[in-house]
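Student: Please zoom in on one part of this model and walk me through it slowly. I'd like the packing, in plain words.

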Amino acid sequence: ELIPTDLLPQVAKFIVATDGDYTYDEIAAAQRKIAARLHVLARNVLIKPDGEEEGRAHLSIVLIDTVLTTDLTYPGPRYENGKIPLALAADGTGWLYHYADDPDKGCRSGVIVGEPGAGKSGGLEAILAAKRKSGVWRILYADGDPGGGSSRVNNNLAHVATAGKHGALRVLEMLEAAIEVRSALKPTLIHNPRTGLLDRITDKARQQPDVEEMHATRQYPGYVGVFDELYRIVNDEWLKARNFVFRLEEVVRIGRKYGVVVLVGTQSLLSKDFGLSTNLRAFLAARNAWILRSQNQSEAAALNGVAGAAASLPEVVGSCYSAGSKGMDLGRIAYEKGLDRYGPEFPDPPGDELTELAAALYQPTAVDATAVLGERLQSIEAVEAALRAGRNPFIEAEDEKPEDKASGQAAQPQSSPAKQPAQQSRQWRTPSGASLPAPLTGAPVTRLRPRPAPAPAELPPALA
């Protein structure tokens with residue numbers, strides 16, 4: 001039975017009532033059949049759980065999809081109390097949000113997937129630009145492309161940007177270090193109702209810790225590790241040997257209550273893109289999943305209990321499904337090119353000293369953009385000379401067995417960011433003379449794993 005609930009200019013809404021004859025999963029699996037019966041496109045049929053009865057579902061039929069077929073006006077980066085307006089809903093009901101910081105459940109991770117040209121990089125750029133504008137997030141960007149060429153904008157928006165397998169490991173290690181230091185810090189904090197800040201407990205007899213989650217604030221910024229082209233990272237044999245996927249999964253599981261999250265971009269929802277870890281995929285998509293167009297028909301399965309076929313999305317850049325804990329919506333991501341130009345307007349306050357000190361132990365060395373460009377020019381000249389001489393320069397390069405072709409020298413562990421090169425303009429700033437306090441090496445620190453020596457740093461040529 002279809003019970004009409006609302007009729008808007010762009011959408012008709014119904015409740016599907018089955019009197020217990022069918023479960024929600026069975027209703028969702030019939031999405032294409034429902035679309036065929038109604039003589040509409042499958043992408044315009046949205047099915048969501050009822051939330052109260054298993055045998056009921058909410059059905060929305062998009063009647064006029066102007067959002068998907070006309071140009072959108074991008075209003076600029078916005079951050080609204082932990083929410084980022086990212087896409088316009090196709091049913092005309094307004095914005096679909098990326099939840100960066102949930103007041104009730106803490107900071108949230110996310111995933112954005114789509115085939116090349118679908119708008120995945122634009123979506124990542126819009127999220128990172130909004131986080132930078134907020135002034136309460138530190139962005140650690142790892143590009144799965146060893147050359148750092150996935151997104152010049154993301155490189156420029158990030159506080160720390162790196163590339164390749166070594167860079168990805170460095171970002172992971174920085175996130176792990178942030179969790180460990182904050183797991184020691186959180187039990188020593190108490191809310192100050194007068195200032196709204198978190199104070200360190202000074203009277204153990206009269207004060208008790210009351211911080212459940214550490215939200216992203218200027219006092220204690222959130223840390224987001226961004227892994228672009230994740231499929232290249234998780235399938236690297238060198239990183240597999242270092243248990244990268246399991247460690248990343250642990251960060252996603254644990255980091256929320258410490259203000260440490262992960263945001264990934266990859267090309268499909270298939271498990272191989274997530275290192276064969278369906279747990280990692282599920283945890284990333286639990287609140288923020290942006291599914292852009294993909295021709296892969298095997299991606300038509302339900303995600304988080306809601307149905308949507310990525311292959312049915314129109315061939316319009318940014319068209320997407322937004323899937324999270326509250327169901328699935330059809331929309332289109334709004335963004336524009338060159339979002340890093342807003343950079344001079346973004347606030348960039350220093351973060352909390354202890355977390356920065358811990359993260360700095362694994363921070364990559366800054367790159368000299370001029371030197372990187374010089375190396376690129378030399379490299380292409382050598383390739384051109386070899387090809388004109390009838391030689392294959394790529395086979396020769398494989399014989400030499402270089403690591404990921406990124407510029408710069410491996411960074412040594414540093415006890416203080418003050419020793420970083422001067423050109424490291426977007427790296428952490430830590431007051432001089434600061435040191436890591438001894439209590440952070442003992443209980444109740446959350447030890448994610450035995451801490452190895454820092455891996456060699458991989459530096460991003462795309463910073464040029």
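Tutor: Let's start with cysteine 107, which counts as buried at 1% relative accessibility. Buried means under 20% relative accessible area, exposed over 50% and partly exposed in between, using a 1.4 Å probe and protein chains only. Cysteine 320 is buried too, at 0%. If a disulfide is a pair of cysteine sulfur atoms within 2.5 Å, the count comes to zero.

A word on the source: this is a predicted model, where local features need pLDDT of at least 70, side-chain atom pairs count only at pLDDT 80 or more, and totals for chains, interfaces and linings use all residues. Residues are numbered from 1 along each chain as its sequence is written, and side-chain values use heavy atoms, with hydrogens and water left out.

Now for the close look: helix H11, residues 353-360. Helices (H or I, at least four residues) and strands (E, at least two) are DSSP runs, numbered from the N terminus. H11 is mostly covered, with seven of its eight residues buried. Those seven are Leu354, Thr355, Glu356, Leu357, Ala358, Ala359 and Ala360.

So what sits over them? The cover includes helix H6 (164-185), along with strands E10 (137-143), E13 (198-200) and E14 (222-228). Contact here means heavy atoms within 4.5 Å. Glu356 is worth a click as you rotate the view, since this glutamate is among the buried residues of H11. Thr355 is on that buried list as well.
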